[in-house]
Every structure is written in C-alpha cells, then in structure tokens.
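Trainee: I'd like to learn how to read a structure like this one. Could you walk me through some features?

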Amino acid sequence: MMEEKTHPPLLDLGYKAIVDLLPCYLSIQDRFFNVLVANQTFRNDFGDAIGKKCHEVYKQSGIRCSPCPVWETFQDKKGHMSEETVRLPAGATIQLVVYSVPILDSLGNVMAVMEISTDISRIKEFQKELTFLGQSVASLSHDIKNILEGLQGGSYVVNEAIKDQDQELLKKGWSVVQKNIGEISRLVQNILYSSKKRTPAYETVALEQMLLETVGFFYEKAQLIECRLRAQVNPSLPMVLLDPGAARRMLINLISNALEACSRDKGKISHTLSVRADYFDSHHFMLEVEDDGIGMDDSTSEKLFSRFFSTKGMDGTGLGLLVVHDMAKEHGGRIEVLSAPGKGSTFRVIFPLKPTCPF
Amino acid sequence: MKTKKILIIDDNPDFIFTMETFLKRGGFTTLTAQDGKTGVERAQREHPDLILLDVMMETLYSGFEVCKRIKTDPQLKGTPIIGISGMADELGVQYEKEKDQEYFSPDAFFDKPVDKQKLLTKIKEFLDT
C-alpha cells in the first residue's frame with residue numbers, strides 16, 4: 001500500500017486513532033442497537049454511548065427509528081442510508097445522513113453493523129434557502145405577470161378607446177395602465193428593500209408632515225372606491241427619530257393593503273381608512289393604519305408576516321407586510337394586528353421614542 | 001340571432017373590465033361576478049352560454065369550488081367553462097385534462113396574460129358562432 005510506504009509515521013497513529021479523528025460519527029452496533037464501539041467524534045458530541053441503545057443516544061427515545069438503516073442491514077445484509085434529525089445532549093438539533101454497513105462473521109452472517117453519520121445541517125440550510133429562492137422567484141414572476149396582464153389589458157382598452165374616440169373609455173383604460181405602473185414601481189421598491197439587511201438612516205422627522213404627504217398619494221385611489229382617508233396626529237408628539245424613506249415605504253404598504261381590504265369588502269357602501277400617529281406609552285410612539293374593510297380571521301393574521309404569504313390571490317406577493325415587519329424590527333419596534341372578518345383591520349407599528357431603547 | 005352571454009368570474013376588477021370591453025366588442029353580452037359565490041348564483045339565475053373563470057380567487061368559493069358546483073348542477077353542467085390562471089407557468093404545472101379532470105374540470109384552460117385572439121377563437125369554438 002502506497003501510503004504505508006511513503007508515510008510510515010501516520011501508521012504509527014494506529015487505525016483506531018485514525019477512526020477517532022474522522023470528522024463524522026462512527027459506531028458499531030449489535031442487533032439490539034446497543035453501541036459497542038464509538039469513535040472520538042461521536043463521544044465528544046454524544047458522550048459515552050457504549051452499552052446504550054443508538055436511539056436513546058441520538059433521540060432520547062425508547063423505540064428504534066423508522067426506517068432504521070441498522071435494522072435494515074441486519075435484515076438483508078446490505079448497506080442502507082437514511083436522514084435523521086437528532087438532538088445533541090446540549091440541546092441543539094442537527095440533521096444527519098446515516099449510512100449502515102454490515103460486519104459479517106466467517107459464515108457470512110451479520111454479527112454487527114457499522115453506522116457512519118455526517119452532520120448535514122448546513123447543507124439542509126442551503127437547501128432551504130434554495131427552496132425559498134425558488135418560491136420567491138415563482139411568487140414574484142406571478143405578481144409581475146399579473147401586472148403585465150393589467151398593462152396589456154389597460155393598453156388594449158386605451159387603443160380601442162382611441163379608435164372609437166371614446167373619452168370615457170380612454171379614461172378608464174388609462175387608469176388601469178397607471179394603476180399597474182404604480183404596482184410595478186411598488187413591487188420593485190419592496191424587492192429592493194427586502195433584498196438586504198439595512199441599518200436605519202435616522203433623521204429627525206415631523207410625523208404630521210410625513211403622514212399628510214404619504215396619505216396624499218392615495219386620495220385619488222381612495223376616491224375611486226369611495227373610501228374616506230383620514231390622517232390624525234397627536235399635536236403634542238415631538239419630532240421623532242426615524243429612517244424617513246423606510247417609514248414612508250412602510251406606510252405606503254400598510255395604506256395600500258388597507259385600501260385593498262376596503263375595495264374587496266362589498267358589504268358596505270363606503271369605507272373609512274385612518275392613519276394615526278400618537279403616543280403608545282411614555283417611552284414609545286405608534287403609527288397606526290385602521291380600515292373597516294374585509295378584515296381577517298385568526299389563521300390569516302398568524303401567517304401575515306411570513307415571506308410571500310398573500311391573501312390577495314392574483315394581486316399580491318406578500319412582500320409588502322414583510323417589508324413593514326423588517327422595517328419595524330430594524331427600528332427596534334414591533335407590530336400589533338387587530339382584525340375581525342367583515343369588520344376591518346388595524347396595523348399598529350410601535351417605535352421607541354429613543355431608538356437606543358428598543359423593546 | 002340572439003347574442004351569447006358570457007359570465008366572467010374574477011376577483012380582479014381590472015381584469016373583469018378589460019375582458020368585458022373585449023368581449024362586448026366581439027359581439028357578446030357579459031355578466032360579471034367578483035367572487036365565486038356570486039358567480040355561481042349568477043350562473044344559476046341567468047344561465048350564461050359560457051363562463052370565464054379565474055382559478056386562484058381568494059374568495060368564499062375558489063375557482064375550483066365554482067367549477068365543481070357548476071359541473072355538478074344539472075341545469076348548468078353543459079355550460080363550457082374556460083379556466084384562467086396566472087400560476088401554471090411558475091409552478092411548472094400545466095393543466096392536463098386527463099389527469100386533473102376529477103379535481104378541476106374546465107373545458108379549456110388559459111394562462112395569464114391571456115392571448116385575447118386565442119381566447120376569442122376558443123370561445124367561438126365552444127359557442128359555435
């Protein structure tokens with residue numbers, strides 16, 4: 001053997017030492033899953049497992065795993081593989097890929113099984129990231145396709161209106177085009193915001209001015225769906241420290257959602273949407289967006305801030321609320337949601353008056 | 001000849017508006033519903049000649065539910081349904097009539113953005129106009 005000749009000092013270590021050094025868990029088990037031999041890596045992470053059952057050591061469980069590669073190897077004398085989630089004595093959970101190999105006696109019977117396990121937790125994390133990336137791309141392209149449908153539809157109507165010189169139809173078609181231009185711009189801003197971790201660029205902000213300006217963007221849209229917009233700011237609120245760009249984005253997303261909730265609610269003739277800034281308590285202030293639209297049930301509220309959850313079917317990626325969530329978190333704030341189906345929703349984002357004193 | 005009636009069921013008002021404009025210009029009468037439940041009720045009341053149905057509506061009845069109710073209603077089961085979705089491409093799932101009929105049984109299927117000319121040809125094929 002080439003290695004033995006060229007590296008004799010390595011052999012002096014002995015095979016046991018080499019096995020101990022392997023960066024994976026190696027054990028030999030009898031047919032009752034008792035651990036007969038365990039290498040150093042195994043002992044380092046799981047303690048002295050000799051004489052204990054494999055499933056007790058790995059999973060603190062009284063019964064063997066299903067499927068169990070060791071059991072399968074005892075049955076058919078072949079190697080097997082499985083993926084297992086196990087708990088380290090320190091409490092952390094890791095994911096293992098487990099291989100089993102038969103150790104045969106001179107008659108060819110399985111006298112023991114060697115089990116080799118490798119920690120694949122990091123690979124699993126990458127896998128999750130990839131799955132998430134795939135879902136993100138799917139969800140975004142779905143949203144973009146919807147906007148495209150709106151743009152194509154709107155421009156078709158505009159063309160027809162021009163042909164017929166129909167001013168009324170032209171106005172309607174153009175409003176569909178404009179709405180979808182607004183949608184794509186909002187989507188791109190949200191993608192940009194959520195694509196990286198940010199530290200807020202704090203500035204002293206006059207909330208009244210910011211609220212009135214932001215609410216102002218939506219007057220026309222609100223009028224179209226007969227929704228009354230109100231902005232209320234407690235006059236005793238001081239100037240506050242916020243990242244104005246992020247705060248504006250947050251309000252835009254919350255107001256857009258609230259308008260959508262109102263337009264989907266066919267049970268009322270008209271709606272009211274209130275945007276407020278007020279004290280939450282002596283150390284915190286809040287920005288609040290309240291609507292009397294369709295509202296949500298509890299299961300919807302619970303899923304709200306997960307990536308790409310959307311109740312809007314064809315009309316939403318779910319990115320908007322995620323941006324709100326990230327923004328609040330980056331400012332050391334938190335979000336409260338009150339909602340009831342048919343009655344409406346209130347999204348309240350609470351910020352520390354001094355950003356150095358988060359929750 | 002009596003003009004054919006098409007019911008558009010979609011929770012996106014812009015889509016309804018552009019489809020209505022398109023279909024009216026094609027010589028059809030249109031009925032609309034912004035949620036599945038209203039869609040089924042309008043179909044039962046007004047017996048359209050064809051239904052354009054959004055599959056992924058997040059309303060009381062989804063597109064799947066609407067399709068099931070119409071196809072099991074003795075008065076309506078013969079009404080052709082054209083399913084429309086924006087998800088097929090992203091999910092890599094194309095509707096296959098043989099496999100998916102039991103679950104969802106429209107008579108034709110279009111992905112958004114809808115090719116209006118192809119849609120018109122399909123509608124005419126169903127309505128024999």
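Mentor: Sure. Let's start with some vocabulary: a residue is called buried under 20% relative accessible area, exposed over 50%, and partly exposed in between. Keep in mind that this is a predicted model.

Trainee: Okay, is A:Arg43 buried, exposed or partly exposed?

Mentor: A:Arg43 has 24% relative accessibility, so it counts as partly exposed.

Trainee: Which residue does the A:Arg43 side chain meet in a salt bridge?

Mentor: A salt bridge pairs a side-chain nitrogen of Lys or Arg with a carboxyl oxygen of Asp or Glu within 4 Å. Here A:Arg43 meets A:Asp20, at 3.9 Å from N to O. A:Arg43 sits in helix H4 of chain A and A:Asp20 in helix H3 of chain A, so the pair ties together parts that are 23 residues apart in sequence. A:Asp20 is buried, because its relative accessible area is 16%.

Trainee: What else can I look at in helix H4 of chain A?

Mentor: Try A:Thr41, which lies in that helix, residues 40–46. With a relative accessible area of 18%, A:Thr41 is buried. Its side chain reaches the backbone oxygen of A:Leu22 at 2.6 Å. Setting aside neighbours within four places in sequence, A:Thr41 is also in contact with other residues, including A:Asp20, A:Leu21 and A:Tyr25.

Trainee: How many salt bridges does the structure hold over all chains?

Mentor: There are 27 over all chains. In chain B, B:Glu65 forms one with B:Arg69, and the closest N and O atoms are 2.8 Å apart. Both residues lie in helix H3 (residues 63–71) of chain B, 4 residues apart, about one turn of the helix. B:Glu65 is partly exposed at 23% relative accessibility, and B:Arg69 is partly exposed at 36%. Salt bridges can also link up: A:Arg276, A:Glu288, A:Glu290, A:Arg334, A:Glu336 and A:Arg348 make a network of them.

Trainee: Now the surface. Which residues form a nonpolar patch there?

Mentor: Look for A:Leu13, A:Tyr15, A:Ile18 and A:Leu21, which together have about 420 Å² of accessible area. A:Tyr15 belongs to helix H3 (residues 15–21) of chain A. Its relative accessibility is 55%, so A:Tyr15 counts as exposed.

Trainee: What about the backbone? Where are the cis peptide bonds?

Mentor: Check omega for those. The bond from A:Ser66 to A:Pro67 is cis, with omega near 0°. You'll find A:Pro67 in the loop between helix H5 (54–59) and helix H6 (69–76) of chain A. In chain B, the bond from B:Lys112 to B:Pro113 is cis as well, with omega near -5°. B:Pro113 is in the loop between strand S5 (108–111) and helix H6 (116–127) of chain B.

Trainee: And phi? What is its value at A:Gln60?

Mentor: About 50°, which is positive although A:Gln60 is not a glycine. That residue lies in the loop between H5 and H6 of chain A. A:Lys77 also has a positive phi, near 65°, and is a residue other than glycine. Its place is the loop between H6 and strand S3 (80–87) of chain A.

Trainee: Last one: which elements of chain B have the lowest and the highest mean pLDDT?

Mentor: Helix H4 (residues 88–91) of chain B has the lowest, 46, and strand S1 (residues 5–9) of chain B the highest, 96. Over residues 89–94 of chain B the pLDDT is below 50. Chain B averages 83, with 81% of its residues scoring at least 70.

Note on methods: Residues numbered from 1 in each chain as written. Chains lettered and ligands numbered in written order. Predicted model: local features only at pLDDT ≥ 70, side-chain atom pairs only at ≥ 80, totals over all residues. Heavy atoms only, no water. pLDDT = per-residue confidence, 0-100. Helix = DSSP H or I, 4+ residues; strand = E, 2+ residues; numbered from the N terminus. Contact = heavy atoms within 4.5 Å. Patch = residues over 30% accessible without salt bridge, like charges linked within 9 Å, V, L, I, M, F, W, Y side chains within 5 Å. Areas by Shrake-Rupley, 256 points an atom, 1.4 Å probe, with all protein chains shown as cover. Buried < 20%, exposed > 50% of the residue type's maximum accessible area, 1.4 Å probe, protein only. Polar contact = N/O pair within 3.5 Å; in protein donor to acceptor, adjacent residues only side chain to side chain.
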